[in-house]
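This report covers a pocket and a set of charged side-chain pairs. The sequence and structure come first.

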2 protein chains.
Amino acid sequence: MLKYELDKAFAALADPTRRAIVDRLVQGPATVSELAQPLPMSLPAAMLHLKVLEDSGLVTSEKVGRVRTCRIDPKMLSQAEQWVAQRRQMWERNLDRLGAFLDDTKPETEK
Amino acid sequence: MLKYELDKAFAALADPTRRAIVDRLVQGPATVSELAQPLPMSLPAAMLHLKVLEDSGLVTSEKVGRVRTCRIDPKMLSQAEQWVAQRRQMWERNLDRLGAFLDDTKPETEK
């Protein structure tokens, strides 16, 4: 259900380390070691963040031999973007409507 | 700092009750009682969710007499939207670049 998917996606994005991993993965796929290397934490700690991202659906991974490669799953990223974008658009539309209403109710001399 | 602001904004959006409050507020300002009324919880519980939204910068409120009115603060909504939109765009750009590279490396006969 989208409701719980969005819970997980936004919760996953609510952490700077996980956003840094997303930042790296939008450039292209990366192995777990490549993702963990620049992070100021142990490999197991980085792997926990990766697990949260995978559980949220924002990231997928595949193991070939001994190497696990991670990549962005764009579906969830788009859904999170759409949720926020639609609310921002609704807010703007209602602001425009209020503006039009205020214009219409102005006395003729002020128009 | 934007990093911590985004932490709070995404954490605030990671809850269906808080997203329902945002859904209501993008239609226009509302009092605390109006926001709490449709929610399946007590007024104090609803007010805790409102506090998280206010702390995140997504919502502001103003008390006039005994009535507190809440409204969307569009700045933070836009920042959250932009963060996700930029990552989705970067991901697509890198996918396009990969596509172009694969096209270029195809033998002439397959083009």
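In this predicted model, H4(B) gives the most to the lining of the largest pocket, supplying six residues. Helix H4 spans residues 43-56 of chain B, and two other elements of that chain, helix H3 (32-36) and strand E3 (67-72), also supply at least two lining residues each.

**The largest pocket**

The volume of the largest pocket is about 300 Å³. Its lining is made up of 14 residues, and those nearest the centre are B:Val32, B:Met47, B:Leu50, B:Arg68 and B:Cys70. Sorted by class, the lining holds seven nonpolar residues, five charged residues and two polar ones.

**Salt bridges**

Side chains of opposite charge can pair when their charged atoms come close. Over all chains, the count of salt bridges is 12. Three of them are listed here with the N to O distance.

| Basic residue | Acidic residue | Distance, N to O |
|---|---|---|
| B:Arg87 | A:Asp23 | 2.6 Å |
| B:Arg88 | A:Glu81 | 2.6 Å |
| B:Lys75 | B:Asp73 | 3.4 Å |

The salt bridge of B:Arg87 with A:Asp23 has a distance of 2.6 Å. This pair crosses between chains, with B:Arg87 in helix H5 (residues 74-104) of chain B and A:Asp23 in helix H2 (residues 16-25) of chain A. How do the two partners rank by exposure? B:Arg87 has a relative accessible area of 10% and is therefore buried, while A:Asp23, at 27%, is partly exposed.

A:Glu81 and B:Arg88 also form a salt bridge, their closest N and O atoms lying 2.6 Å apart. This pair too crosses between chains: A:Glu81 belongs to helix H5 (residues 74-105) of chain A, and B:Arg88 to helix H5 of chain B. Both of these residues, A:Glu81 and B:Arg88, are buried.

Within chain B, the side chains of B:Lys75 and B:Asp73 meet in a salt bridge at 3.4 Å. Is B:Lys75 buried or exposed? B:Lys75 is exposed, because its relative accessible area of 58% is over the 50% limit. B:Asp73, in contrast, counts as buried because its relative accessibility of 17% is under 20%. Elsewhere, salt bridges with shared partners join A:Glu81, B:Arg88 and B:Glu92 into one network.

Technical notes:
Residues numbered from 1 in each chain as written. Chains lettered and ligands numbered in written order. Predicted model: local features only at pLDDT ≥ 70, side-chain atom pairs only at ≥ 80, totals over all residues. Heavy atoms only, no water. 1 Å grid on protein atoms, 1.4 Å probe; cavity = no way out; pocket = protein on both sides within 12 Å on 5 of 7 lines; lining within 4 Å. Points joined across faces, edges and corners; volume = space filled by probe spheres on them. Helix = DSSP H or I, 4+ residues; strand = E, 2+ residues; numbered from the N terminus. Nonpolar A, V, L, I, M, F, W, Y, C, P; charged D, E, K, R; others polar. Salt bridge = Lys/Arg side-chain N within 4 Å of Asp/Glu carboxyl O. Buried < 20%, exposed > 50% of the residue type's maximum accessible area, 1.4 Å probe, protein only.
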